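The exercises below are to be worked with the sequence and the model open side by side. Each task is followed by a solution in steps.

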Amino acid sequence: VSRELEATALGLPLYKRLKAAIETAILSNVLKAGAVLPGERVLADTLQLSRVTVRKALALLEEEGFLNRRHGFKTEVGSRVEKSLATLTSFSEDIIARGLVPGCVWLSKQISRPSPTEMMALGVAGNSNVVRMKRIRTADGVPIAVEISAVPVRFLPSAEMVKDSLYDALEARGFLPQRAIQRMRSRAASAEDAQHLHCDPGAPLLMTERRCFLADGQIVEYCESRYKGDVYDFVFELQR
Ligand code: 16G
């Protein structure tokens, strides 16, 4: 952090430079989720800054979700997960990229007839079969999202082929999605979502619907995910 601090723009007030230095350390994974920061006084002494400067920088980082203050004194690096919207990656890949361990709690995994929404999204007939997987996705054991994926059986003949990662199973069969169309909207947590995600009913969730395609245009997956609004950031790059 002190090296980063020296590298930040000199024109900025000191607390903003310190904030930027800590933010860079978090985003580049030098400071990992869950790491405990030294106390305000130790930080101020080590970095030769005033306690007011340190306090202001930490307060800003806390406001933006980079840090969590526990019991009023211990400051921990938060576990927000950032995901670029331009690349097609799996949940497991996103979590590993953040230095965390992905996991899932299976709620159900079975072969069944597609729902009307799945029929439309996957372009399959009502009398066909899909593998439907419902699970809670976790990062370091903390629930992040509830996800329901449906894959036509011609790409995945058995639900048992999926261990923790669906994309690993699809890749092993030569059907790794190459392109996706994703729609996002907000949704309030239902009582069931709240139970799975350890949040209050009515808490804001980010709901995404993703249709995945193979290179030749076949639709390989339809997935509905509900992400906890306070732990997952979707990041866009915009160009004029
Ligand atoms: C992501 C995808 C989901 C896919 C999953 C595979 C979104 C909105 N959804 O969560 O469609 O099924 O990754 O992850 O990003 P896995 O390989 O870890 O099971």
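**Exercise 1. Helix 2**

Task: State which residues of helix 2 are buried, and check the length of this helix against the expected span.

Solution. The model is a predicted one. Step one is burial: a residue counts as buried if 20 or more other C-beta atoms lie within 10 Å of its own. In helix 2, Arg-17, Leu-18, Lys-19, Ala-21, Ile-22 and Ile-26 are buried.

Step two is length. Helix 2 covers residues 14-27, which is 14 residues. The expected span is 1.5 Å times one less than the number of residues, so at 1.5 Å a residue helix 2 should span 20 Å. Its end C-alpha atoms are 20 Å apart, which agrees.

Step three looks past the end of the helix: just after helix 2, Asn-29 has a positive phi of about 70°.

**Exercise 2. The domains**

Task: Give the bounds of the domains and the distance between their C-alpha centres.

Solution. Domain 1 runs over 2-77 and domain 2 over 81-235. The C-alpha centres of domain 1 and domain 2 are 35 Å apart.

**Exercise 3. The sheets**

Task: Write down the strand order of the open sheet of three strands and of the open sheet of six strands, and find the edges of each.

Solution. Begin with the sheet of three strands, whose order is 1-3-2 with antiparallel pairing. Strand 1 (36-37) and strand 2 (67-70) are its edge strands, each pairing on one side only. Strand 1 and strand 3 (residues 74-77) are joined in the antiparallel sense over two bridges, and Val-36 stands opposite Glu-76 in strand 3.

The open sheet of six strands has the order 5-6-7-10-9-8, again with antiparallel pairing. Strand 5 (102-112) and strand 8 (179-188) are at the edges with a single partner strand each, so one side of each has no neighbour in the sheet. From one strand to the next, the twist averages 15°.

Within this sheet, strand 7 and strand 10 pair in the antiparallel sense over six bridges. Ile-148 stands opposite Glu-224 in strand 10.

**Exercise 4. The ligand shell**

Task: How many residues surround the ligand, and which are the closest? Sort the shell by class and by element.

Solution. The ligand is surrounded by 15 residues, the closest being Ser-90, Ser-92, Ser-165, Tyr-167 and Cys-223. By class, the shell has four nonpolar, seven polar and four charged residues. By element, helix 5 (91-97), strand 7 (142-152), helix 7 (166-172), strand 9 (204-213) and strand 10 (219-228) each supply at least two residues of the shell.

Definitions and conventions. Residues are numbered from 1 along each chain as its sequence is written. This is a predicted model: local features need pLDDT of at least 70, side-chain atom pairs count only at pLDDT 80 or more; totals for chains, interfaces and linings use all residues. A residue is near a molecule or strand if its C-beta atom, placed from the backbone, lies within 6 Å of it. Helices (H or I, at least four residues) and strands (E, at least two) are DSSP runs, numbered from the N terminus. Ala, Val, Leu, Ile, Met, Phe, Trp, Tyr, Cys and Pro count as nonpolar, Asp, Glu, Lys and Arg as charged, and the others, Gly among them, as polar. Two strands pair if DSSP finds at least two bridges between them. Axes are lines fitted to C-alpha atoms, for helices over the stretch in contact, and angles run from 0 to 180 degrees between N-to-C directions. Domain bounds come from an automatic or database domain assignment. A residue is buried if 20 or more other C-beta atoms lie within 10 Å of its own, exposed if 12 or fewer, and partly exposed in between; C-beta atoms are placed from the backbone.
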